[in-house]
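Please open the structure in the viewer and keep the selection tool at hand. The tour proceeds one selection after another.

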Amino acid sequence: MARRAATQGESVRANRSWWDAAADAYLHEHGDFLGPARFVWGPEGLTEDEAGLLGEVAGRRVLEVGAGAAQCARWLLAAGADPVALDLSREMLGHAQAVGRDTGVDLPLVQADAARLPFASGSFDIACSAYGGVPFVADSAGVMREVARVLRPGGRWVFSVTHPLRWVFPDDPGEPGLVARHPYFDRTPYVEQDESGRATYVEHHRTIGDRVREISAAGLRLVDLVEPEWPPENSRTWGAWSPLRGAIVPGTAIFACRKD
Ligand SMILES: C[S@@+](CC[C@H](N)C(=O)[O-])C[C@H]1O[C@@H](n2cnc3c(N)ncnc32)[C@H](O)[C@@H]1O
């Protein structure tokens, strides 16, 4: 593990391989919580049914960015939307395809990088992302621009990421994960690498202010910033997200934006 620079290309290559290799284990571990067709914004368990951040979705063309196994896109389909699920990982999309085969409910799946959306300008009413893509890209400003481009005027873009405050704490669900160790202002990426120094996994940090500026610079307007509280009934530990930490430090930030 290292803190070092990582370009968009290196991050894309590393994360594509990582998510391809991790897809089975990730869905084995979290598949029940995510369900085949639930829209969950993060480990706290806040759902779109409860949050209503996307507004009316019925009849709307919706892009899910970093869709993974497309659980959210399937929820959107059931709610009457016309969704497209985009993800970098072929294996994650393979799981989406398998669920489609098993349930007979198919939806369009697209393999692409969130920073280069292969769609015409103004082709979606809504874009959304639950921890998909945004935390993993070097060029998050580019993702904001791309989403703004493919949205129609009046469209919404809502995305969740690890809460920026978590950057200062070790990735540990227990007590050690409550001791601030790393500067919030250090944007140097978190990189896992092999013996030859080749990145195998990359996460990029932005402060809250960075995110707000990237949203504005893309011509979008931030209308809400939701920090879901950890509900007492959620006893589940998800990686470094746990009831212990969730009671004290926010774990997820959901940015709700509009294209005017
Ligand atoms: C934590 S999962 C989130 C997916 C789903 N919402 C879930 O909760 O399982 C992160 C997803 O982001 C995808 N991803 C990573 N980097 C990406 C990129 N640059 N463009 C698009 N998707 C990306 C991964 O392949 C993975 O499926």
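Select Glu 56 to begin: this residue sits in the loop that joins helix H2 (48-51) to strand S2 (61-65). Helices here are DSSP runs of H or I with at least four residues, strands are runs of E with at least two, and both are numbered from the N terminus. The model is predicted, so local features need pLDDT of at least 70 and side-chain atom pairs count only at pLDDT 80 or more, whereas totals for chains, interfaces and linings use all residues. Residues are numbered from 1 along each chain as its sequence is written, and side-chain values use heavy atoms, with hydrogens and water left out.

Add Ala 58 to the selection. Its backbone nitrogen is 3.0 Å from a polar side-chain atom of Glu 56, a polar contact (a pair of N or O atoms within 3.5 Å; within protein, one must be able to donate a hydrogen and the other to accept it, and residues adjacent in sequence count only if both atoms are side-chain atoms). Next, display Trp 19: 37 residues separate it from Glu 56 along the chain, and the two C-alpha atoms are 31 Å apart.

Now select the ligand. Around it are 19 residues, of which Tyr 26, Asp 87, Asp 113, Ala 114 and Ala 130 come nearest; a residue is near if one of its heavy atoms lies within 4 Å. Helix H1 (residues 8-34) gives the largest share of this shell, 3 residues.

Which polar atoms should be inspected around the ligand? A polar side-chain atom of Asp 113 is 2.9 Å from a ligand nitrogen, and a polar backbone atom of Ala 114 is 2.9 Å from a nitrogen atom of the ligand. At Gly 133, a polar backbone atom lies 3.3 Å from a ligand oxygen.

Finally, select helix H5 (residues 140-150) with helix H6 (residues 208-217). The contact (heavy atoms within 4.5 Å) involves Ser 140, Ala 141 and Met 144 of H5, and Arg 211, Glu 214 and Ile 215 of H6.

Conventions. Axes fitted to C-alpha atoms, helices over the stretch in contact; angles between N-to-C directions.
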